[in-house]
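Reader: I am new to this structure and would like a close look at a single part of it. Could you choose one helix and take me through it with care?

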Amino acid sequence: MHKLMASAHKEFLLLIRDIGGIAILFIMPLVLIVTITLIQDSTFKTVADTKIPILVVNNDQGTVSETILEGLKDSNAFEVILENTEEAAKNLVFKGAYQLAIVIPENLSSGLEQKVAQNVDGIISKFGLEEETDSLTKIPVESKEVKLYFDPATQVSFKSSVKNGIDKMVSKIETQSIYKAFQEQITDDPTEVIFETENFITFKEILPKTDNKDIIPNSVQHNVPAWTLFAIFFIIVPLSINIVKEKSQGTFVRLRTNPVSYATVLGGKTLIYLTVCLIQFVLMLLVGLYVFPAIGLPTLDVSGRLPLLFVVAIFAGLAAIGLGLLLGTIAKTQEQSAPFGATFVVILAALGGVWVPVFIMPKFMQTLSNISPMNWGLNAFYDVFLRHGSLLDILPEISLLFLFFIATTIIAIVYNEKKNTV
Amino acid sequence: MIHIEHVSKKYKKADNYSLSDLSLFIDEKEIFGLLGPNGAGKTTLISILCSLIKPTSGSFSIKGLTYKEHKNQLKQLIGIVPQEYALYPSLTAFENLKYFGSMYGLKGKSLDEKIHNSLDHLGLVKFAHKKIDTFSGGMKRRVNLIASILHNPKVLFLDEPTVGVDVQSKNVIIEFLQELNKNGTTIIYTSHHLNEAETFCTRVAIIDHGKLIVKGKPKELINNNPGAHNLEDVFISLTGKALRDHA
């Protein structure tokens with residue numbers, strides 16, 4: 001125990017003597033979390049508050065195109081700029097001047113009107129309400145195509161949401177045209193309401209509740225756990241460098257001749273670096289609680305969840321430390337450990353679902369994600385932060401994190417023994 | 001005290017043996033010098049005796065103990081002063097010594113006193129709380145030495161303990177080692193300073209190409225080599241004048 005505490009004290013001294021290192025350990029994760037949250041939060045706001053300029057080529061000039069233009073304006077997402085020719089609009093978008101151009105085809109309104117009228121006539125005649133002759137004079141109406149041009153640099157998610165929006169708008173216009181055509185066929189009084197055009201089926205998002213209050217997730221509730229975990233795992237970089245440095249300084253050679261086990265040496269490092277992880281975590285929470293509201297971001301809600309959050313942070317920290325101990329033991333130079341550690345954390349974060357949710361990953365990556373300790377940590381954090389889970393709910397994830405720590409540390413000790421046994 | 005029997009060492013990817021069938025006996029309370037040109041196998045032998053590397057073949061024991069069976073006992077028994085400064089540059093001399101002393105189970109006031117006395121003995125007490133990275137080469141060598149003797153080892157291995165230090169530091173180190181020896185510590189050291197070895201060592205062994213060339217008391221070796229006036233003459237006559245550069 002005395003040797004373990006002496007090792008921990010030495011690690012503490014080494015750490016506090018490296019002011020630059022401390023600054024990187026504590027300040028950079030805070031800068032990261034503030035930057036990412038600000039960007040993500042402003043992205044949501046961009047969609048809601050700021051209008052994206054788009055080009056519209058209106059070759060129709062009829063009621064349908066008017067409805068589309070009104071729909072685009074009413075969405076509050078777009079600033080509609082009219083362009084005269086399709087070619088000009090295409091060039092501007094493909095050069096990146098605009099994100100999107102919508103080309104409304106010629107005679108869209110009249111074509112739709114004609115098509116709907118023919119269909120309605122056909123139906124009405126089947127019921128014997130109209131002379132059969134009308135349906136016999138049916139002229140084929142060519143289907144119309146609304147063209148969308150996207151800047152090649154536009155993200156897939158933006159494209160999808162625009163396509164869905166336009167599709168929904170077109171469907172609505174078609175439905176209303178059908179109702180209108182029936183109305184005109186059935187009654188001569190345009191004010192008489194025969195059809196209710198309001199949607200029969202609507203949807204409502206049901207959120208989890210605590211004390212009868214909806215828990216509304218926001219960018220802060222998502223970002224703080226994700227990027228806190230990212231920062232915690234970044235500990236493997238300084239930790240592995242610390243071990244490699246001991247080897248290059250010669251102090252490790254001295255330790256190998258001393259009556260102290262490698263496990264004790266690693267134990268001292270674990271104690272101090274776990275403390276670092278927890279301090280990082282506390283700082284992240286403080287930023288979420290006090291800095292975020294001051295800069296216009298939503299406040300982090302940790303009410304009643306602090307003990308469980310610390311449990312997750314401790315086990316995530318241990319998993320990260322285990323990885324750092326293993327990397328430091330295997331690596332021979334800082335040139336090996338530092339870039340590998342940093343890149344590996346980014347890979348683990350990607351696999352863990354820090355950037356892209358796991359459920360939208362390809363099947364193979366989803367399987368890989370299941371073996372990423374960052375995924376276990378992130379799920380445990382989300383269980384506590386967003387799903388209001390209990391200790392029992394996070395038990396599988398924290399058990400995996402702990403097993404990961406034990407496994408990596410044992411591999412590091414065995415590797416060291418094998419390499420240095422006399 | 002130290003029995004070395006037919007020890008050989010061949011490093012992976014090396015063409016030749018660094019040590020070849022080397023047998024040696026070092027008695028208690030000796031100051032034994034391992035001498036030889038660069039790449040002769042001196043550091044390899046010390047590293048084997050300190051359990052830092054494994055011999056390819058052969059065996060050895062220290063006070064009848066082997067690392068296989070008495071690892072921790074042996075580690076408590078020996079001290080090693082490595083060629084490089086095995087110290088934490090950002091810690092003070094006192095912090096370094098306190099840490100390495102703790103690794104031998106030493107603690108409290110007795111450890112603090114031992115550190116203080118050793119620093120005082122080697123003229124470093126006023127620098128006790130200065131960081132190692134502010135020390136000169138000679139000062140680092142002295143702290144490096146203290147870190148290895150805090151637990152009163154029975155056997156002290158020193159790999160080039162006076163390399164790159166000024167005359168004053170060298171004298172202090174040699175005097176300190178002689179005093180340790182007087183108090184019962186067996187000293188095995190490697191050096192390129194043959195004049196130093198001649199006066200300091202009770203016995204020396206000259207190793208070349210991993211083989212033991214000769215061993216004995218310095219005076220005897222000089223007398224047994226006609227035309228030799230000192231140990232350096234003996235060394236040159238036995239190992240030749242050719243350069244021993246290797247990579």
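Author: A residue is called buried if 20 or more other C-beta atoms lie within 10 Å of its own. With that in mind, and remembering that this is a predicted model, we can turn to helix H5 of chain B, which covers residues 137-149. Because a helix should span 1.5 Å a residue, the 13 residues of H5(B) should span 18 Å, and the end C-alpha atoms are 19 Å apart, which agrees.

H5(B) is mostly covered, with 11 of its 13 residues buried. The buried residues are Gly138(B), Met139(B), Lys140(B), Arg141(B), Arg142(B), Val143(B), Asn144(B), Leu145(B), Ile146(B), Ala147(B) and Ser148(B). What covers these buried residues includes, from chain B, strand S5 (78-81), helix H3 (93-102), helix H4 (108-121), strand S6 (155-159) and helix H6 (167-182), and, from chain A, helix H10 (251-257).

Since chain A has entered the picture, the contact between the two chains deserves a word: 26 residues of chain B and 21 residues of chain A take part in it. On the side of chain B that touches chain A, helix H2 (67-77) and H3 of chain B each supply at least two residues, and the residues of that side divide into 15 nonpolar, six polar and five charged. H3 of chain B is thus named twice, once among the elements that cover the buried residues of H5(B) and once among those that supply residues to the side touching chain A.

Definitions and conventions
Residues numbered from 1 in each chain as written. Chains lettered and ligands numbered in written order. Predicted model: local features only at pLDDT ≥ 70, side-chain atom pairs only at ≥ 80, totals over all residues. Helix = DSSP H or I, 4+ residues; strand = E, 2+ residues; numbered from the N terminus. Expected span 1.5 Å × (residues − 1). Buried ≥ 20, exposed ≤ 12 C-beta atoms within 10 Å, placed from the backbone. Contact = placed C-beta atoms within 7 Å. Nonpolar A, V, L, I, M, F, W, Y, C, P; charged D, E, K, R; others polar.
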